[in-house]
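Colleague: Please take a close look at one helix and at what holds its surroundings together. Go slowly, since I am new to this.

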Amino acid sequence: MYIDGVFSGGGIKGFALIGACDEIEEKGMRFARLAGTSAGSIVAAFIAAGYTSKEIFQLVDELDLSKLLDARKTIIPFPFAKWLLVYWRLGLYKGNQLEKWLCEKLEAKGLKTFADLPPQALRVIASDLSNGQMIVLPDDLQKYGIAPGSFSIAKAIRISCSIPYFFEPVKMRSMDGMNVLVDGGVLSNFPMWLFDQENVQKVRPVLGIKLNASEYEHEKHKIKNAVQLFAALFETMKDAHDSRYISKKHVKNIIFIPTEGVLSTEFSLTEEKKRELFNLGKEKAKQFLKTWGY
């Protein structure tokens, strides 16, 4: 059976998304169209490329995640340089190694640009901070004078994964000047709404996988200092739009995977923790699919 899939962001916690997809595959389901944000866009792209979930796990597992942290070289002592890089370059790490790795793995399956995929087969979310807008790639590239089919899939995913202050944003020129693009999770971390109008006539079931507990199980934020305030502010901003949407619709079509205790940028995960996240996603999907009525 073919379904459409939506994958939320969550950084390194995306191992749980892979586990959920593994269970979905074992139930004989295949994805026709995919959408995702940040880590979810990586999983969505690899599935669109034809990788199985076990192959995706292997690809990410064998990768030295620390190599994705490509800091710029500087003669300034590093502790101080880190803050200068955030100030001048807007991020601690360049993000070039992430894009290079994505490009290599996608090209191994014959994918370079969106023209190599069927129309609407893959869409990813990004945030245009210059214009204060959420953008859907490749659909909205025409706003920047770019033919959607000509755009690099790896570049689109890199943009969607550009966590503010962590990875440098991607700059894209348009008719009105330079635009700063960052992680889609800033404005929509779980784009379940993308398939809403398109499936009014129930073309096929839509299944979402979200790396959070449902809003009814969400743990209350503890705010006792400025750091906790910023963390709560960012998470609320990231999830508020999507939470309002799914609180009214589609909850019955979403696999919620609570991944508290793991940071999105925890790039030093142990093998045990990776497998634990994979198994958590697989188990949550197994429980969900027992009663899913499409």
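Modeller: A residue is called buried when its relative accessible area is under 20%, exposed when it is over 50%, and partly exposed in between, using a 1.4 Å probe and protein chains only. This is a predicted model, in which local features need pLDDT of at least 70 and side-chain atom pairs count only at pLDDT 80 or more, while totals for chains, interfaces and linings use all residues. Residues are numbered from 1 along each chain as its sequence is written, and side-chain values use heavy atoms, leaving out hydrogens and water.

The part to look at is helix H8, residues 271-289. Helices (H or I, at least four residues) and strands (E, at least two) are DSSP runs, numbered from the N terminus. The expected span of a helix is 1.5 Å times one less than its number of residues. For the 19 residues of H8 this gives 27 Å, and the end C-alpha atoms are 27 Å apart, so the two agree.

Which residues of H8 are buried? They are Lys 274, Leu 277, Phe 278, Gly 281, Lys 282, Ala 285, Phe 288 and Leu 289. Viewed along the axis of H8, these buried residues fall within an arc of 130 degrees, so they line one face of the helix. The arc is taken from the directions that run from the helix axis to the C-beta atoms. Among the elements covering this buried set are helix H1 (15-26), helix H3 (53-61), strand E9 (206-210) and strand E10 (254-256), where contact means heavy atoms within 4.5 Å.

Two of the buried residues in H8 are lysines that form salt bridges, and each can be followed to its partner. Side chains of opposite charge can pair when their charged atoms come close. A salt bridge here is a side-chain nitrogen of Lys or Arg within 4 Å of a carboxyl oxygen of Asp or Glu; by this rule the count comes to 15.

Take Lys 282 to begin with. Its side chain meets that of Glu 26 in a salt bridge, 3.1 Å from N to O. This pair joins distant parts of the chain, with Glu 26 in helix H1 and Lys 282 in helix H8, 256 residues apart. Lys 282 has a relative accessible area of 16%, so it counts as buried. The pair also belongs to a network of salt bridges that links Asp 22, Glu 23, Glu 26, Lys 27, Lys 54 and Lys 282.

Now Lys 274. Its side chain forms a salt bridge with Asp 61 at 3.5 Å, N to O. Here too the link is between distant parts of the chain: Lys 274 is in helix H8 and Asp 61 in helix H3, 213 residues apart. Lys 274 is buried, at 4% relative accessible area, whereas Asp 61 is partly exposed, at 23%.

Helix H1, where Glu 26 sits, deserves its own look. H1 has 12 residues and reaches 17 Å from its first C-alpha to its last, close to the expected 16 Å. Of those 12 residues, 10 are buried, so H1 is largely enclosed by the rest of the structure. The buried residues include Asp 22 and Glu 23, and both of these take part in the network with Lys 282. Just after H1, Gly 28 takes a positive phi of about 85 degrees.
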